[in-house]
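Trainee: Before we rely on any label attached to a structure, I would like to see how each label is earned. Could we go through some of them together?

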There are 2 protein chains.
Amino acid sequence: MADANILNAGNTAASAQFLREAEIRRGIELLYFGYTNMVRGADGLLDRHGLGRAHHRALYFIARRPAMPVGDLLALLNITKQSLSRVLADLQGRGLVIQAVGQRDRRQRLLELTPEGATLEAALFEELRTGMAGAYAQAGQNAVTGFWAVLTGLIPAVDRPMIQELQAGL
Amino acid sequence: MADANILNAGNTAASAQFLREAEIRRGIELLYFGYTNMVRGADGLLDRHGLGRAHHRALYFIARRPAMPVGDLLALLNITKQSLSRVLADLQGRGLVIQAVGQRDRRQRLLELTPEGATLEAALFEELRTGMAGAYAQAGQNAVTGFWAVLTGLIPAVDRPMIQELQAGL
DNA sequence: TATTTGCGTCAGCCATGTTGACGTATTTTG
DNA sequence: CAAAATACGTCAACATGGCTGACGCAAATA
């Protein structure tokens with residue numbers, strides 16, 4: 001990160017060039033196409049299971065943070081509980097997810113994948129992994145670090161701890 | 001790009017570490033949150049105009065490539081013409097977009113923003129620009145290059161020329 | 001004990017994607 | 001030149017996944 005603040009060095013000419021509209025638009029476009037291509041990778045498998053992208057997101061985060069309370073998942077997904085309830089009802093009805101009463105707080109419902117849910121999530125992850133691993137390999141380790149840095153900067157600072165916690169202990 | 005192929009040097013230990021699941025999941029998560037936070041930035045302004053994200057995407061690309069034929073926009077958005085037609089009808093009804101008969105091929109309908117459409121698109125772009133410029137500035141130029149490289153790798157090679165053309169002449 | 005919190009649910013609506021079937025003008029091809 | 005392909009539009013029906021609003025209940029907290 002030696003150059004992390006290259007723009008703040010008072011070099012207005014470099015700054016003006018660096019922040020040119022074309023560079024911003026390039027980022028917007030690559031982010032749009034990169035994201036949509038990534039998520040599209042799992043659509044076929046989801047279809048075969050009669051699930052949609054909303055189900056995938058829920059499965060993903062439950063796999064990532066076992067025993068997550070419903071409220072935490074709501075905060076991550078940034079949707080209403082009514083929207084999530086439809087998805088969770090589907091997943092529980094298919095035996096992919098189960099809930100347990102919280103020990104510390106018995107009002108909480110802690111979400112877990114069943115073995116079947118874990119198997120499906122692993123297969124869905126594999127679809128994403130292929131694309132991401134290929135992109136990492138093509139771009140190189142140094143590029144990956146930059147990729148993370150820019151994306152982190154797009155996330156409001158208040159939300160970063162919540163996302164950082166997903167990484168904890170891995 | 002001196003390190004672009006660091007992984008292909010036959011160092012299987014480094015490769016195994018680099019491609020570990022945690023790194024992949026980190027990329028997936030940052031890409032998800034980065035993308036959703038970026039697009040959310042324009043929601044308020046869109047709401048005030050009674051438009052949705054689908055309208056924004058169309059406005060964005062029409063601004064980016066004036067005189068784009070409908071078919072090209074369909075290819076970029078990767079949706080059906082029926083879906084796009086609703087959006088374009090809205091935009092034309094509000095006087096934000098107009099169509100012109102193609103000169104070379106009179107079957108084509110070339111899309112253009114009206115002055116009002118251009119004004120709105122500029123305001124929407126400004127909402128995105130703020131977030132992206134901040135992320136670029138925080139991360140540094142070198143990180144931005146890596147950001148672009150990884151995202152490009154996520155896009156199927158066959159689609160890259162189409163996206164590259166958006167940059168042409170800017 | 002009163003209030004707040006975590007979660008669930010019913011009901012209805014909206015935005016935006018899909019398929020399928022047709023129609024028309026224009027260009028291209030055999 | 002006639003036939004086929006292409007670019008675009010449209011009608012109709014449906015699926016997914018968001019939303020708001022209104023309630024209810026059990027458990028934790030003040």
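Mentor: We will take the labels in turn, setting each value against its cut-off, and we should keep in mind that this is a predicted model.

Trainee: What makes A:Arg64 and B:Glu29 a salt bridge?

Mentor: The side chains of B:Glu29 and A:Arg64 come to 2.4 Å, N to O, and a salt bridge requires a side-chain nitrogen of Lys or Arg within 4 Å of a carboxyl oxygen of Asp or Glu, so the pair qualifies. B:Glu29 lies in helix α2 of chain B and A:Arg64 in helix α4 of chain A, so this salt bridge joins two chains.

Trainee: Why are B:Glu29 and A:Arg64 called buried or exposed?

Mentor: The word buried is applied under 20% relative accessible area. B:Glu29 has 1% relative accessibility and therefore counts as buried, and A:Arg64, with a relative accessible area of 6%, is buried because that value also falls under the cut-off.

Trainee: How do you know that B:Arg25 and A:Glu121 meet in a salt bridge, and where do the two residues lie?

Mentor: Their N to O distance is 3.1 Å, which is within 4 Å, so the criterion is satisfied. B:Arg25 belongs to helix α2 of chain B and A:Glu121 to helix α7 (residues 115-139) of chain A, so here too the pair joins two chains. B:Arg25 counts as buried at 6% relative accessibility, and A:Glu121 counts as buried at 4%.

Trainee: How many salt bridges are there between chain B and chain A, and what else describes that interface?

Mentor: The count between the two chains is 4 salt bridges, and the rule also finds 12 residue pairs in polar contact across the interface, both residues being at pLDDT 80 or more. On the side of chain B that touches chain A, the largest share, 18 residues, comes from α2(B); by class, that side has 39 nonpolar, 13 polar and 13 charged residues. The area buried between the chains is about 6,900 Å², with carbon and sulfur atoms giving 68%, and 65 residues of chain B are in contact with 67 residues of chain A.

Trainee: What makes the salt bridge of B:Glu126 and B:Arg129 one within a helix?

Mentor: Both residues lie in helix α7 of chain B, 3 residues apart, about one turn of the helix, and their side chains meet at 2.9 Å, N to O. B:Glu126 is called partly exposed because its relative accessible area of 35% falls between the limits of 20% and 50%, and B:Arg129, at 27%, counts as partly exposed as well.

Trainee: Why is A:His55 called buried or exposed, and which residues does A:His55 touch?

Mentor: A:His55, in helix α4 (residues 53-64) of chain A, has 11% relative accessibility, which is under 20%, so the residue counts as buried. Leaving aside residues up to four places away in sequence, A:His55 touches A:Val87, A:Asp90 and A:Leu91.

Trainee: What makes the phi of A:Asn78 worth a remark?

Mentor: Most residues other than glycine have a negative phi. A:Asn78 is not a glycine, yet has a positive phi of about 60°; the residue sits in the loop between α5 (70-77) and α6 (81-93) of chain A and counts as partly exposed at 46% relative accessibility. B:Ala67, in the loop between α4 and β1 (68-69) of chain B, likewise has a positive phi, near 70°, and counts as partly exposed at 30% relative accessibility.

How values were computed
Residues numbered from 1 in each chain as written. Chains lettered and ligands numbered in written order. Heavy atoms only, no water. Contact = heavy atoms within 4.5 Å. Buried area = accessible area lost by both parts, 1.4 Å probe. Polar contact = N/O pair within 3.5 Å; in protein donor to acceptor, adjacent residues only side chain to side chain. Helix = DSSP H or I, 4+ residues; strand = E, 2+ residues; numbered from the N terminus. Nonpolar A, V, L, I, M, F, W, Y, C, P; charged D, E, K, R; others polar. Buried < 20%, exposed > 50% of the residue type's maximum accessible area, 1.4 Å probe, protein only.
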